[in-house]
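Me: Please take a close look with me at a single part of this structure, the place where protein and DNA meet, and explain each term as it comes up.

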2 protein chains.
Amino acid sequence: MASTGELVPGTLEMLILKTLSLGSLHGYGIAQHIHRLSDEALTVEEGSLYPALQRMLAKGWVAAEWKQTPTKRRARYYRLTAAGRKQLGVESSAFERAMRAITRVMRATES
Amino acid sequence: MASTGELVPGTLEMLILKTLSLGSLHGYGIAQHIHRLSDEALTVEEGSLYPALQRMLAKGWVAAEWKQTPTKRRARYYRLTAAGRKQLGVESSAFERAMRAITRVMRATES
DNA sequence: GGTCAACCCATAGAGCATCTATATATGGCC
DNA sequence: GGCCATATATAGATGCTCTATGGGTTGACC
């Protein structure tokens, strides 16, 4: 979607944290959620999603547990930890500040 | 500012294109312009700026010319080409779409 | 006339996030 | 039995940004 590929780099983990803040979900479900809520504008590739989840597990922002889906398949459910919830706050406010700053530059007119 | 460091990755070239759309400027001036317009929120490092300008020269989005600054120093002035102006349009509308999409996801509440 | 701040360009190398491609496996449907 | 949607995961490549440098000029102040 943005420069290199589909997503704006640096926003993936924030979007995952936000998604999980609404409830536990497995990886595939996370991707679907983001895709649907963004009106199909954002597509999270599997090769981006799972590495991101591994990073976030390592940082303690999410915890994982193997469960059965409603459709009887085995899936790994991720949930937000306290640290993850805190991180969501940090990232989303930093993102908002950055967006406002970029918007200011992009709105400038000829002096 | 964002994830890795200061800028939201993928937005630097767009910010440079936008800055040059207001008039020719040398590298140093571009960095100052972005810094000032963003209320000091965005700082473009020289190690990011000059490689970006080289990439953009190679892609034909900008053209460069050595001139004298008002302060009597020799500086390389960059200006937007027609292709660069077109690219600015492409990137800024893609960016806006992405921002709207991200905002939709970030505003979601518990079902 | 020395030195310091501000001005100005540029590259090398590292780090990190994302993408492409691939591998594996199950359940439901026809 | 074959196909599609569901589901997880890694390897390798790519590309952008940052850190760390290096060089050089001008003007002002002491």
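**Where protein meets DNA**

Reply: Among the atoms of DNA strand C that lie within 4 Å of the protein, 67% are sugar or phosphate atoms, and the rest belong to bases. This is a predicted model, in which local features need pLDDT of at least 70 and side-chain atom pairs count only at pLDDT 80 or more, while totals for chains, interfaces and linings use all residues; side-chain values use heavy atoms, with hydrogens and water left out. Residues are numbered from 1 along each chain as its sequence is written, and chains are lettered from A and ligands numbered from 1 in the order in which they are written.

A residue is near a strand if one of its heavy atoms lies within 4 Å of it. Around DNA strand C there are 28 residues, of which A:Ser48, B:Tyr28, B:Glu46, B:Tyr50 and B:Arg76 come nearest. With Ala, Val, Leu, Ile, Met, Phe, Trp, Tyr, Cys and Pro taken as nonpolar, Asp, Glu, Lys and Arg as charged, and the others, Gly among them, as polar, the surface near DNA strand C is made of nine nonpolar, eleven polar and eight charged residues.

Some of these residues make polar contacts, meaning pairs of N or O atoms within 3.5 Å (within protein, one must be able to donate a hydrogen and the other to accept it, and residues adjacent in sequence count only if both atoms are side-chain atoms). A:Ser48 places a polar side-chain atom 2.4 Å from a phosphate oxygen of DNA strand C, and B:His26 has a polar side-chain atom 3.5 Å from a phosphate oxygen of that strand. In B:Gly27 a polar backbone atom takes part, at 3.1 Å from a phosphate oxygen of DNA strand C. Two or more residues of this surface come from each of α3 of chain A and α2 (27-37), α3 and β3 (74-80) of chain B, where helices (H or I, at least four residues) and strands (E, at least two) are DSSP runs numbered from the N terminus. The element that gives the most is α3(B), with five residues.

What of DNA strand D? Here too 28 residues lie around the strand, and A:Tyr28, A:Tyr50, A:Arg76, B:Gly10 and B:Ser48 come nearest. Of the atoms of DNA strand D within 4 Å of the protein, 68% belong to sugar and phosphate. The side chain of A:Tyr50 has an N or O atom 2.8 Å from a phosphate oxygen of DNA strand D, while A:Thr71 brings a polar side-chain atom to 3.2 Å from one, and B:Leu12 a polar backbone atom to 3.5 Å. On this side α3(A) gives the most to the surface, with five residues, and the surface divides into nine nonpolar, twelve polar and seven charged residues.

To see how the two protein chains are related, one can superpose them by least squares on the C-alpha atoms of residues with pLDDT of at least 70 in both. Chain B then falls on chain A, with an RMSD of 0.1 Å, after a rotation of 179° and a shift of 0.0 Å along the axis, which means that the chains are related as by a two-fold axis. In chain B, B:Pro9 has the C-alpha nearest that axis, 2.9 Å from it.
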